[in-house]
Every structure is written in C-alpha cells, then in structure tokens.
Amino acid sequence: MKRFIILLFALLMMGCGHVDREPEMVTIRGVVFGTYYTIIYYDEGGRNYQVSIDSLFREFNRSLSFYDQHSLLSRINRNEETAVDKYVDVVLHRSLEIAEETDGAFDPTVFPLVDAWGFGFSDRSAHAAEKVDSILEFVGIDQVWIDDGHIRKADDRVQLDFNAIAKGYAADLVGKLLESKGVTSYLVELGGDLTAGAEKPDGSLWRIGLEVPAKDAVAPQEWEYYVEISHMGLATSGDYRRYFEDEDGLRYSHTIDPDTGFPVDHHLMSVSVFAPDGMSADAYATAFMVMGLDQAIAFVENREDLEAYFVYAADTPEAFGYHASSGLVLLTRDDL
Ligand code: ADP
Ligand code: MG
C-alpha cells in the first residue's frame, strides 16, 4: 500500500510538469597509479567526464608520480628542482601537518628506509638492518620545509615519498573536478581508497563493504561489515597484500616505523580510516599502522573528525579480531 501511495504521488507530481530530469548514474572505470579506479556519480545529462579525469591524472602524475623519472617529485628527489607546484605544495603541507600530529608515525621523508627494505627502486639490501642508523640521520620532518615556493632540505640525501597520501589526494581532486561540473553526488575509488561526495539523488548514502584481511596476496576478498557514508574520505592500510617474505618465511611490511627505521611488526593487520577528506584518511591509515592498535585507538577517540575500523590478528592464524571506534556504525548483511 505504501508503495502504491508513493507511486501515486510521483504520478501527480509529473502531472504538474514540475519534475526535473532524473539524474543518471554514470560509472567510469580505468587504470591509474598502477591500480584500478571506479568513479560513480549522478549527472542530469548523464555526461561522461572520463577524458577530463584522465587528463587530471596525467597532470597529477607529471607532478607527483614516484615512478616517472621526469615528474617534479623525481626531480626534487634528485635535487634538480626546488620550485614546488600546487600539487607538491598541498601534499607536502598536509604531510607535514599529519606527521606533526602523529608524532612522526606518518613521515613523508621515509623513502630512503623504504628503499633499503626493498619497497622502493632497489632490491632489499641484505644489510638493511645495519644501514638503518645511518639512514635515520636524514629522515624526519625537520629535514624538509617549503620556503617561498621552494623545497628546502637539511641534507641532500632527503627524499620525499607521498605514496601513503597521494592516492587519497587524487581521489579528492577527482571529486573537486566533478563538483566544478555541477556534480555533487559521487563516489571516487582509487585502488581501495575512497572519496564520497553528497548522498545519492534518492537520499541514500554510499554503501561500502569493509574487507576482511585475506591470509595472503591471492586469497579472494570477503566482506563482513558495511558502512554508509557521504562527504568524507575512507582509506585502508594493511600489509596482508603487500609484504616481503624472506628465506625464513619472515614477513616484512611495506610500512616503515620512522622512529626505529624498521618495518612495522605488530598484530594490527589493517585499518580503515574515515576522515573529512581522502588525503587525510590515506595518511592517517598509514600512521595508524605504525602506531599499532592501542595507540591508534586512543588517537582516534581523541579526535571528533576521525573514525576507524581495525582488524588485528588474534591467537590463531585464521582468527581475526575487530575493533570499531565509538562513532562508527557498522552494518551487517542482515541490516541491509
Ligand atoms: P597502504 O595500502 O598500506 O596504505 P600505501 O601505498 O597507501 O599502502 O602506503 C604505503 C607506502 O607508503 C609505502 O610503500 C611507502 O612508500 C610509504 N610509507 C611507508 N611507511 C611510511 C610512513 N611511516 N610514513 C609515510 N609513508 C610511508
Ligand atoms: Mg594508503
């Protein structure tokens, strides 16, 4: 009966001739930063903005790509260039802020360590552990700053690494691009990191599945919980899909603790962070992997603008524990 009443109401509205054109859902998929993207949005004309989005990604890569030797970031890392552009300016400022807030758990100067442990351009050095102390001398947020539009380094060997923040930032920029076209309702997903705009035209939120960590890099994904979001960023960090395993079966995470210089090694397996924007969510997720479960929970509970969902290894390899911060509403299949 209720459905009938709603339908009748809709027909009456149409009779009045006041109904705007229904916004159409547009889905765009592609490849960027060595991963996949999916962008969903509602647009009245159902217009496709993929060309603009791909050209934004190209511009972004010319600035911040880690793998393009000609990018501004690569030139800055080789000390061939000091002048920043808008992308480097924004991402370095935010990186240094988050580094400060997290007491250096997130650190954009960590790259020389990342590289020594085999997650950069070089193979893992058999002597990585012995090199740590000497590398730590030029790692840290006091090693780099921006002065009148130019990067300044305390040491020529300082290298910037925005891998743990750039994806979230790029998702935000796609959102901004869509907003400039008049699109408000969107979900941008880049390799698992998300930026959500306003809710859908029918008023429903964007529903996201939270992945349960797979036991290894090839195990299929499973979903356990769902969250519904709008106007925020969501990023997940975890080392269960990206790690290095040595001859003895020891796993090395690609997340480095800038304090010790060693890959993080604790029972936190993944963390999904909900923040006001994708860039912040991405960076805090990595910071929380460094902090570990207890410290990260305390950090989140102290912050009104952040929520997080943690997955940690329990007693047996097959068992996981979950923890959701106090402001997070988790839905199960039964709630949907
Ligand atoms: P994840 O999916 O785990 O968040 P990301 O690709 O977002 O992975 O970030 C991991 C990358 O961040 C590493 O490959 C490294 O380049 C960089 N990184 C590692 N440790 C840190 C750290 N403590 N602070 C900032 N960046 C880091
Ligand atoms: Mg990340």
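In strand 12, S272 is the bridge partner of T236. This pairing belongs to a predicted model. Strand 9 and strand 12, which covers residues 268–275, run antiparallel to each other and share 6 bridges. Strand 9 itself spans 232–238.

Strand 9 has another partner. Strand 6, made of residues 193–196, pairs with strand 9 in the antiparallel sense over 3 bridges. One of the bridged pairs joins A196 to M232 of strand 9. So much for the bridges; now look at the side chains. D193 sits in strand 6. D193 is buried, because its relative accessible area is 2% and buried means under 20%. The side chain of D193 reaches across to T236, where the backbone nitrogen is 3.4 Å away. T236 is thus a residue to look at twice: S272 is its bridge partner in strand 12, and the side chain of D193 reaches its backbone nitrogen.

Move one step along to S237. This residue also lies in strand 9. S237 counts as buried, with a relative accessibility of 9%. Its side chain makes a polar contact of 3.3 Å with the side chain of T286. What lies 2.3 Å from a polar side-chain atom of S237? The partner is an oxygen atom of ligand 1.

That leads to the ligand. There are 19 residues around ligand 1. Those that come nearest are A105, D161, S237, H254 and I256. D161 places a polar side-chain atom 2.5 Å from an oxygen atom of ligand 1. D107 takes part through its backbone: a polar backbone atom of D107 is 3.0 Å from a nitrogen atom of ligand 1. How much of the ligand does the protein bury? Taken alone, ligand 1 exposes 570 Å², and the protein buries 95% of that.

Two elements give two or more residues to the shell around ligand 1: strand 9 and helix 8, which spans 278–291. By class, the shell holds 8 nonpolar, 7 polar and 4 charged residues. Why does ligand 1 lie between domain 2 and domain 3? Both domains give residues to its shell, so the ligand lies between them. Domain 2 covers 67–162, while domain 3 is made of 205–219 and 234–336.

Next comes a hairpin. Strand 1 holds residues 24–32 and strand 2 holds residues 35–43. The two pair in the antiparallel sense over 9 bridges. One bridge joins E24 to D43 in strand 2. The hairpin has 2 residues between the strands. F33 takes a positive phi there, near 50 degrees.

Positive phi values turn up in loops as well. N79 has a phi near 60 degrees, a positive value in a residue other than glycine. N79 lies in the loop between helix 3, residues 72–77, and helix 4, residues 86–101. N79 is partly exposed, at a relative accessible area of 36%. H231 has a positive phi too, near 50 degrees, and is likewise a residue other than glycine. Its place is the loop between strand 8, residues 222–229, and strand 9. Is H231 buried or exposed? H231 is exposed, because its relative accessible area is 54% and exposed means over 50%.

Finally, consider two pairs of residues separated along the chain. E199 is found in the loop between strand 6 and strand 7, the latter covering 206–212. E199 is partly exposed, with a relative accessible area of 34%. E199 and Y41 are 158 residues apart along the chain, and 10.0 Å separates their C-alpha atoms. The other pair starts from strand 3, residues 144–147, which holds I146. I146 counts as partly exposed, at 22% relative accessibility. I146 and H93 are 53 residues apart in sequence, and their C-alpha atoms are 8.3 Å apart in space.

How values were computed
Residues numbered from 1 in each chain as written. Chains lettered and ligands numbered in written order. Predicted model: local features only at pLDDT ≥ 70, side-chain atom pairs only at ≥ 80, totals over all residues. Heavy atoms only, no water. Near = heavy atom within 4 Å. Polar contact = N/O pair within 3.5 Å; in protein donor to acceptor, adjacent residues only side chain to side chain. Areas by Shrake-Rupley, 256 points an atom, 1.4 Å probe, with all protein chains shown as cover. Helix = DSSP H or I, 4+ residues; strand = E, 2+ residues; numbered from the N terminus. Nonpolar A, V, L, I, M, F, W, Y, C, P; charged D, E, K, R; others polar. Domains from an automatic or database assignment. Buried < 20%, exposed > 50% of the residue type's maximum accessible area, 1.4 Å probe, protein only. Pairing = 2+ DSSP bridges.
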